[in-house]
Amino acid sequence: MKAVFLDADTLGNDIDLAPIERITGDLVKHGKTAPNEVVGRIQGFDTVIVNKVVLSREHFEACPELTTIAVVATGTNNIDKEAAHDHGIRVLNVTNYGRSTVAQHTLALILALATRLLDYDRDVRAGRWGKSDMFCLMDHPIMELEGRTLGILGYGDLGKGVVERAKAFGMNILVGARPGQPASEVDGYPRLPLDELLPQVDVLSLHCLLTEDTRNLIGARELKMMKNDALLINTSRGGLVDEQALADALRSGEIGGAGFDVLTEEPPRNGNPLLADDIPNLILTPHSAWASREARQRIVDITARNLSAPV
């Protein structure tokens, strides 16, 4: 196996690539690869390992020896899968590696928003507590999670991990049906059409892959259907939500808050509606929910197993 890793830096420098190196032999590693460098770097290799580098039909046509693409992530939207199929190239991805860290991050966003943690921290640092005529500050309404309803849209490994942890806080669980998915019951939880789910939830957490069916799944119409104090959490894909509609809904008080680990463009070099400084009760993190060292090492281990599995 002749293998090249085009963007090894995306996994960090604190993980051990030895499991992949044992399978591939003399693995060639590049920290980053610009679009105009891709063809030159994959020619002569039968196996290409990528995280976010885009691989398209033109690359496959220029490299007829290519047989395998291993994506060190769950999402494969950076790969032209139709073209890969046409050229007999198998596309491997990694699933079930980030349940603990993504669920932990999701609950951290929910808890920070529900308790108004960042608002109270800013108040203390600004000296407002020291000037208070009472022993405490109560300027920001706190949501108690026990008895509240969590809606999960995308009830896979990550969604299930969030449900397990939310139940420890005494939350009630509803599951949403993605487009094309029938209403039913799963693990004893009702799976409801989106229009039925949204008015009932106090917290909506998204864990869907980004497809043409799920792009802008939550827009202005859907946000209007949610409770005024509801929280929207997205640790999945930025394109699931119309970001301008969300910014407007937060400013107008249509929903209570949002916590996002993902944006439509990453990094957001061209700006983003959610980066405005006048949006209340919004927490943004830089696509870091997946990035515990343990999870990144699991990605390496699973990729090695994928590459060693029989074709």
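Which ring does the charged end of lysine 2 sit over? I looked, and it is the ring of phenylalanine 45, with the charged end 5.4 Å from the ring's centre. Note to self: this is a predicted model.

**Aromatic pairs**

I searched the whole structure and got 1 aromatic pair. Tyrosine 155 and tyrosine 189 meet edge-to-face, 6.2 Å centre to centre with 80° between the planes. The two sit 34 residues apart: tyrosine 155 is in the loop between strand 6 and helix 7, while tyrosine 189 is in strand 9. I checked their exposure too, and both tyrosine 155 and tyrosine 189 are buried.

**Salt bridges**

My count came to 21 salt bridges in the structure. I picked out aspartate 9 and lysine 32, whose closest N and O atoms are 3.3 Å apart. That pair links distant parts of the chain, 23 residues apart. Lysine 32 has a relative accessible area of 64%, so I put it down as exposed, and aspartate 9 is partly exposed at 46%.

Next I tried aspartate 278, which bridges to arginine 251 at 2.9 Å between the closest N and O atoms. Aspartate 278 is in a loop between strands 12 and 13 and arginine 251 is in helix 10, so this bridge ties together parts 27 residues apart in sequence.

I also found a network of salt bridges linking Arg99, Asp157, Glu164 and Arg165.

**Threonine 106**

Last stop was helix 5, where threonine 106 sits. Threonine 106 counts as buried because its relative accessibility is 0%. Its side chain makes a polar contact with the side chain of threonine 235 at 3.1 Å. Threonine 106 also touches other residues further along the chain, including Val162 and His207.

Definitions and conventions. Residues numbered from 1 in each chain as written. Predicted model: local features only at pLDDT ≥ 70, side-chain atom pairs only at ≥ 80, totals over all residues. Heavy atoms only, no water. Helix = DSSP H or I, 4+ residues; strand = E, 2+ residues; numbered from the N terminus. Buried < 20%, exposed > 50% of the residue type's maximum accessible area, 1.4 Å probe, protein only. Polar contact = N/O pair within 3.5 Å; in protein donor to acceptor, adjacent residues only side chain to side chain. Contact = heavy atoms within 4.5 Å. Phe/Tyr/Trp six-rings, centres within 6.5 Å; stacked < 30°, edge-to-face > 60°. Lys NZ or Arg CZ within 6 Å of the ring centre and 35° of its normal. Salt bridge = Lys/Arg side-chain N within 4 Å of Asp/Glu carboxyl O. Lists of a residue's contacts leave out its neighbours within four places in sequence.
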